[in-house]
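Reader: I have just opened this one and would like some help finding my way around. Could we go through it together, one topic at a time?
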Amino acid sequence: MPRRASWPLRAAGMAVAALALLPAVYLAVRAAEADAEAWALLFRARTLALLGSTLGLALAVTVCSAGLSLPLAWLTTRTDLPGRRVWTALLCLPLALPTFVSGYVLLAAFGTGGALEGPLARLGVPVPPVYGFPGALFALTLSTYPYFFLALRAGLLAQDPALLESARSLGFSPVRAFWRVTVPLLRPAFASGALLVGLYVLSDFGAVALVQYDAFSRIIYMQYEGAYDRSYAALLGLALVVVTVAVLVLEVWVRGRAGYHRSAKGASRRGAPVLLGRWRLPCLGLCGGVVALGVGLPVGILVYWAARGWGAGEGPVLGAAVNSVLASGLAAVLSVVAALPLALLGVRHPGRGALMLERSAYVGYALPPIVLALSLVFFGIHAVPFLYGTLVMLLLAYLVRFLPQAVGALRTALLQVSPHLAEAAATLGHTPPSVFARVTVPLMTPGWLAGAALVFLTAMKELPATLLLAPIGFETLATRVWSATAEGRFAQAAPSALVLMAVSALGVGLLLSQEEGARPG
Amino acid sequence: MSRLLLPLIALLLTSAVHAAETLTVYSGRNERLVGPLYKAFTAKTGIEVKVRYGETPQLVATLMEEGAKSPADVFVAQDAGALGALAKAQLLQPLPKAQVEKVDARFRSPEALWVGLSGRARVVAYNTAKVKPEQLPTGIQGFTEPAWKGRIGWAPTNGSFQAFVTALRLMKGDAAAKKWLEGVKANAPRTYKNNAAIVEALGRGEIDVGFVNHYYLYAAKKDQGEALPVANHFLAAGDPGTLVNVSGAAVLKSSKKAEAAQQLIAFLLDTQAQQHFAQETFEYPLVPGVAAASALPALSKVGSPDLDLSKLEDLKGTLRLLQETGVL
């Protein structure tokens with residue numbers, strides 16, 4: 001039986017969960033104002049059809065992202081692939097690219113008359129489809145696979161190599177051992193990645209709109225865009241909340257209650273890397289191909305835009321870059337700290353209450369970001385007016401938005417840290433806080449880093465909350481890119497977008513370079 | 001008498017300026033386009049301007065959430081419908097009559113709750129390599145002809161397109177608007193996110209014609225060079241497809257700095273600012289006496305339908321129609 005959690009932990013968990021539920025509360029307040037006509041609109045067949053097509057897309061993107069990320073995560077953690085750290089930072093980068101930019105990039109590259117359409121056709125290479133379902137699948141898989149990639153990496157790094165070695169000593173072939181031992185142990189990582197990718201697809205508007213795929217978020221966005229009708233929009237938002245809760249319940253049901261930590265004596269250590277041998281070249285090809293499409297292509301198009309409108313270019317972007325790093329960095333730290341009580345409760349004290357607290361972090365995640373931003377406007381101006389318009393307000397918005405990314409990563413890491421280690425330390429006379437700080441926290445390192453990297457990257461590109469809640473005049477790289485593309489000035493957008501990607505790469509590189517050194521043993 | 005009065009007025013004015021040293025503006029118009037104007041205003045009057053830039057509809061939603069507690073003094077919007085929605089929500093305070101009357105009655109609120117700053121005409125942009133100007137219809141009705149199958153681009157989720165459909169409804173009735181939407185839909189138009197994406201696609205030759213606002217073409221040419229094979233086609237005067245919508249400004253009811261706020265709006269209606277709109281953004285200046293960019297036909301020749309732009313706020317019916325026809 002799990003022990004009951006201490007009261008400070010429960011209080012912290014409840015406080016964070018309350019914050020995470022703000023968007024849902026806001027939607028309920030606004031939906032209460034809806035008239036009969038709005039309810040009738042909600043239940044028409046088209047709403048359901050859109051929901052169906054969006055869920056289908058979410059499922060397809062989740063499966064493709066997982067399939068793409070597993071080999072990439074394995075190659076960068078378990079093998080002697082040359083340049084593993086560089087590959088890792090590059091493979092994460094698509095997360096930092098605002099989806100409205102990646103949509104434009106895709107069209108500019110592969111659309112009719114696009115930069116690559118002609119050359120590819122001449123070479124006889126089929127041009128990837130850019131419109132409708134295939135286009136949306138392609139664009140979203142390319143921009144979301146890093147969620148899986150980072151989660152799976154953290155899972156692989158935290159896994160005890162002794163388990164794999166035991167399997168090999170029992171006569172399993174390497175391939176069989178991989179499928180029978182390594183992959184099943186990654187179940188929590190898959191679950192956390194799937195939640196992030198699947199729910200993200202529900203919320204996405206930018207990419208889906210550009211590739212002309214009919215998605216549910218579009219009709220919500222529309223209500224704000226054109227109709228200024230907050231109550232109908234709120235009803236649609238609540239429908240997404242209901243779907244999210246259903247997905248969360250389903251996920252709990254699928255993942256079961258298995259334990260994932262090692263129970264053997266002795267310390268965990270690093271396993272010997274798998275030598276790729278003659279597979280080295282094809283493996284490099286895979287990484288290179290994904291990086292070429294997810295990073296090389298956007299950078300290429302951005303450079304092309306910048307060159308096309310040479311002279312229309314931008315002045316210095318240093319101030320915006322500093323602001324971006326400051327806000328995203330603080331958001332990353334804040335998110336992993338706030339996620340900790342939820343992950344601890346969910347993993348160490350499982351039970352209905354803890355589970356609900358942990359899951360509440362995800363409730364707002366599938367909502368279009370504008371809804372989330374407005375809920376914080378609502379909360380800020382009415383509840384904490386003295387914070388309204390300050391950086392604190394923006395960080396709160398980032399926290400609510402990105403909390404699930406941190407919770408998932410910490411959860412995955414914590415599941416693989418044996419509680420017995422903490423108990424052993426306690427018997428050696430350490431107090432619980434000291435045990436926590438000296439044993440549990442260091443062992444969770446892959447989770448901390450993956451969570452912080454995810455939040456940092458996605459906060460770098462965040463737009464609606466940044467526009468509405470940042471202190472006035474607080475310009476970030478993402479707002480600069482937005483302000484240039486809004487009127488179709490792509491040449492002006494390009495330099496800021498390139499700096500955004502470069503700074504993100506540096507940030508993630510720096511974070512993940514801690515991985516190896518911090519690893520115990 | 002005047003010896004006493006003048007210093008007194010001067011004192012009152014300076015104290016008013018002191019009390020209102022900082023204005024907060026929510027700007028649904030881009031920093032690159034209007035930022036220099038706010039700076040010029042500060043240089044001229046000494047009144048600081050803090051600007052929150054954002055997308056017009058999202059700022060409207062924000063202002064509605066903030067209500068009476070809003071820190072904003074002035075709202076600068078990209079279209080009249082947004083201002084109409086705020087007026088309807090009773091969040092705006094009236095402007096001095098003399099101020100709004102500088103602008104033609106078609107381009108301001110009848111209750112003086114907002115005033116237009118610049119005009120933006122609907123046009124049909126076309127790819128010059130694939131379409132000759134004489135092949136283009138003189139009215140939007142022409143685009144329901146089968147000859148245009150697979151050649152049209154539109155942005156039904158975009159505010160400016162919806163404002164146009166609202167105008168169509170107001171002018172010709174819902175049934176006619178529905179017929180037009182269905183007619184174009186039968187021609188399998190490509191759906192884009194916004195005007196900029198349509199002009200970009202026209203440049204690549206992905207589509208032959210697109211329903212957009214007139215000035216995106218000039219932004220695209222600044223971006224991609226004059227050789228871009230895209231041009232604007234103005235439909236016949238009085239056609240709903242020539243609707244001139246406006247960007248405009250209003251003072252929030254919650255503002256305690258109405259005087260300074262009105263000063264800013266007066267500045268935006270002044271010659272310098274109006275010329276800026278004409279030359280930098282290729283929009284139509286709305287105050288008589290300032291000429292439009294030379295590449296454009298005169299505003300009087302565009303022949304925008306006579307319509308109370310405040311009514312463009314009524315988008316519920318338009319959205320319902322777009323949903324009924326399956327366009328959305």
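Reader: To begin, how many residues of domain 1 of chain A are in contact with domain 2 of chain A, and how many on the other side?
Author: This is a predicted model, and in it 45 residues of domain 1 of chain A are in contact with 35 residues of domain 2 of chain A. Domain 1 of chain A covers 24-256 + 277-313, while domain 2 covers 314-475, and their centres, taken over C-alpha atoms, are separated by 20 Å.

Reader: What area is buried between those two domains of chain A, and which residues supply the most on the domain 1 side?
Author: About 3400 Å² is buried between domain 1 and domain 2 of chain A, with carbon and sulfur atoms giving 73% of that area. On the domain 1 side, Y26(A), L196(A) and R255(A) together supply 17% of what that domain buries against domain 2, which is more than any other three residues.

Reader: And which side chains meet in a salt bridge there?
Author: There is 1 salt bridge across the interface of the two domains of chain A, and E251(A) and R359(A) have side chains that meet in a salt bridge, at 2.3 Å from N to O. Between the same two domains of chain A, 6 residue pairs are in polar contact, counting pairs with both residues at pLDDT 80 or more.

Reader: Which element gives the most residues to the domain 1 side?
Author: That is α11(A), which gives 9 residues to the side of domain 1 of chain A that touches domain 2. By class, that side of domain 1 divides into 34 nonpolar, 8 polar and 3 charged residues.

Reader: Changing topic, what is the area buried between chain B and chain A?
Author: The area buried between chain B and chain A is about 5300 Å², and carbon and sulfur atoms give 51% of it. R32(B), E65(B) and D223(B) supply 15% of the area that chain B buries against chain A, more than any other three residues. In terms of contacts, 54 residues of chain B touch 63 residues of chain A.

Reader: How many salt bridges are counted between the chains?
Author: The count between chain B and chain A is 2 salt bridges. K316(B) forms a salt bridge with D35(A), where the closest N and O atoms are 4.0 Å apart.

Reader: One last thing: where does Q90(B) lie, in a helix or a loop?
Author: Q90(B) lies in the loop between α4 and β4 (92-93) of chain B, and its phi is positive, near 60°, in a residue other than glycine. Most residues other than glycine have a negative phi. Q90(B) counts as exposed because its relative accessibility is 58%.

Definitions and conventions
Residues are numbered from 1 along each chain as its sequence is written. Chains are lettered from A and ligands numbered from 1 in the order in which they are written. This is a predicted model: local features need pLDDT of at least 70, side-chain atom pairs count only at pLDDT 80 or more; totals for chains, interfaces and linings use all residues. Side-chain values use heavy atoms; hydrogens and water are left out. Contact means heavy atoms within 4.5 Å. Buried area is the accessible area (1.4 Å probe) that two parts lose on being put together, summed over both. Helices (H or I, at least four residues) and strands (E, at least two) are DSSP runs, numbered from the N terminus. Buried means under 20% relative accessible area, exposed over 50%, partly exposed in between (1.4 Å probe, protein chains only). Domain bounds come from an automatic or database domain assignment. A polar contact is a pair of N or O atoms within 3.5 Å; within protein, one must be able to donate a hydrogen and the other to accept it, and residues adjacent in sequence count only if both atoms are side-chain atoms. Ala, Val, Leu, Ile, Met, Phe, Trp, Tyr, Cys and Pro count as nonpolar, Asp, Glu, Lys and Arg as charged, and the others, Gly among them, as polar.
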